[in-house]
Amino acid sequence: MSTLTKPDFHTVVAERHSVRAYDPTVKIPREEMEEMLKEASLAPSSSNLQPWRFLVIDKPELLEKLHPIANNQAHVLQASAVIAVLGDMKWYEKGEKIYTMSQEAGYMTEEVKQRFIYTAENIYAGMDKDVKESIVDIDAGLISMQLMLVARARGYDTVPMGGYDKEKFVEAFQVPSQYRSIMLIAIGKAATPARPTVRLPLEDIAFWNEMN
């Protein structure tokens, strides 16, 4: 783990910035990357069905392959890895496994388990495509933010990327058709500080009890 250990939550939130210049000599160990993904996967999801999937790209030759697909953004080549966040459009098929694990852990009764399985296999499965995409996109956004905070807590930096050719990415990396490409997240150690940013004042974004 890096020198930043167990910072308080306020520090993690305040110091998380989108970094676009990374130290290419820093490589995150596979074991630590797995730990970060496990911590990120504690994020909430609709009915706890966890539709997110990750393709972690850390081989230099594959980052070179990704570079033009990601509009030649320099941080793709500099980062320790680029994590492709994918949404499994058949995520509800994991319902029986997830709820059986919950029942065996004592978190739900057999009756509740069967009710949740029914919902997954009959209600989620029968939803319109646009509704499914909305659910998957929201849940993927939740875990992506959690992953970026987890990384910052460990002393690493990230930048989420939507500026890439999703069709070319799916084709180049042979992503099966059931997975929806949602975003890329570069992760590594900043070579230079992130550019300062500002936020709208609270009165511009928050309303109490009614919109005005």
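Me: What counts as a helix or a strand here?
Reply: Both are DSSP runs, numbered from the N terminus. A strand is a run of E of at least two residues, and a helix is a run of H or I. For a helix, the run must hold at least four residues.

Me: How many helices and strands does the protein have?
Reply: The model is a predicted one. From the N terminus on, its elements run α-α-β-α-α-β-α-α-α-β-α-β-α. That gives nine helices and four strands.

Me: What does the C-alpha trace of the protein span along its principal axes?
Reply: The protein has 212 residues, and 38% of them count as buried. Along the principal axes, the C-alpha trace spans about 55 × 45 × 40 Å.

Me: In what order do the strands of the open sheet lie?
Reply: β1 and β2 run antiparallel and are joined by six bridges. β2 and β4 also run antiparallel, with eight bridges between them, and β3 pairs with β4 in the antiparallel sense over five bridges. The order is therefore β1-β2-β4-β3.

Me: Which strands are the edge strands of the sheet?
Reply: The open sheet has four strands in the order β1-β2-β4-β3. An edge strand pairs on one side only, and this holds for β1 and β3.

Me: What is the average twist from one strand to the next?
Reply: The four strands of the open sheet pair in antiparallel fashion. From one strand to the next, the twist averages 25°.

Me: Which residue in β4 is the bridge partner of Val82?
Reply: β2 and β4 are joined by eight bridges. On the other pairing of β2, with β1, Val56 stands opposite Ile83. For Val82, the bridge partner in β4 is Ala186.

Me: Why is strand β2 largely enclosed by the rest of the structure?
Reply: Ala81, Ile83, Val85 and Gly87 point one way from β2, and they are buried. Val82, Ala84, Leu86 and Asp88 point the other way and are buried too. The strand is largely enclosed because its buried residues number eight of eight.

Me: How many of the five residues of β3 are buried?
Reply: β3 is an edge strand, pairing on one side only. In its pairing with β4, Thr158 stands opposite Ile187. β3 is nonetheless largely enclosed by the rest of the structure, because the number of its residues that are buried is four of the five.

Me: Is Arg154 buried or exposed?
Reply: Arg154 lies in the loop between α7 and β3. Its relative accessibility is 7%, and the cut-off for burial is under 20%. Arg154 therefore counts as buried.

Me: With which side chain does the side chain of Arg154 make a polar contact?
Reply: Arg154 belongs to the loop that follows α7 (129-153) and leads to β3 (157-161). At 2.8 Å, its side chain makes a polar contact with the side chain of Glu39.

Me: What is the phi of Asn48?
Reply: Most residues other than glycine have a negative phi. Asn48 lies in the loop between α2 and β1 and is partly exposed, with a relative accessible area of 36%. Its phi is positive, near 60°.

Me: Is Asn71 buried or exposed?
Reply: Asn71 is not a glycine, yet has a positive phi of about 55°. It lies in the loop between α3 (60-69) and α4 (75-78). Its relative accessibility is 51%, and the cut-off is over 50%, so Asn71 counts as exposed.

Me: Which element gives the most to the lining of the largest pocket?
Reply: The largest pocket holds about 530 Å³ of space. Two or more lining residues come from each of α2 (30-40), β1 (52-57) and α5 (95-104). With four residues, the element that gives the most is α5.

Me: Which residues lie nearest the centre of the largest pocket?
Reply: The lining has 16 residues. By class, seven are nonpolar, four polar and five charged. Those nearest the centre are Ser41, Gln50, Trp52, Ile98 and Met101.

Me: What is the volume of the second largest pocket?
Reply: Residues lining the second largest pocket include Arg16, His17, Ser18, Pro193 and Arg199. Its lining has four nonpolar, four polar and four charged residues. The volume is about 180 Å³.

Definitions and conventions:
Residues numbered from 1 in each chain as written. Predicted model: local features only at pLDDT ≥ 70, side-chain atom pairs only at ≥ 80, totals over all residues. Heavy atoms only, no water. 1 Å grid on protein atoms, 1.4 Å probe; cavity = no way out; pocket = protein on both sides within 12 Å on 5 of 7 lines; lining within 4 Å. Points joined across faces, edges and corners; volume = space filled by probe spheres on them. Nonpolar A, V, L, I, M, F, W, Y, C, P; charged D, E, K, R; others polar. Buried < 20%, exposed > 50% of the residue type's maximum accessible area, 1.4 Å probe, protein only. Polar contact = N/O pair within 3.5 Å; in protein donor to acceptor, adjacent residues only side chain to side chain. Pairing = 2+ DSSP bridges. Axes fitted to C-alpha atoms, helices over the stretch in contact; angles between N-to-C directions.
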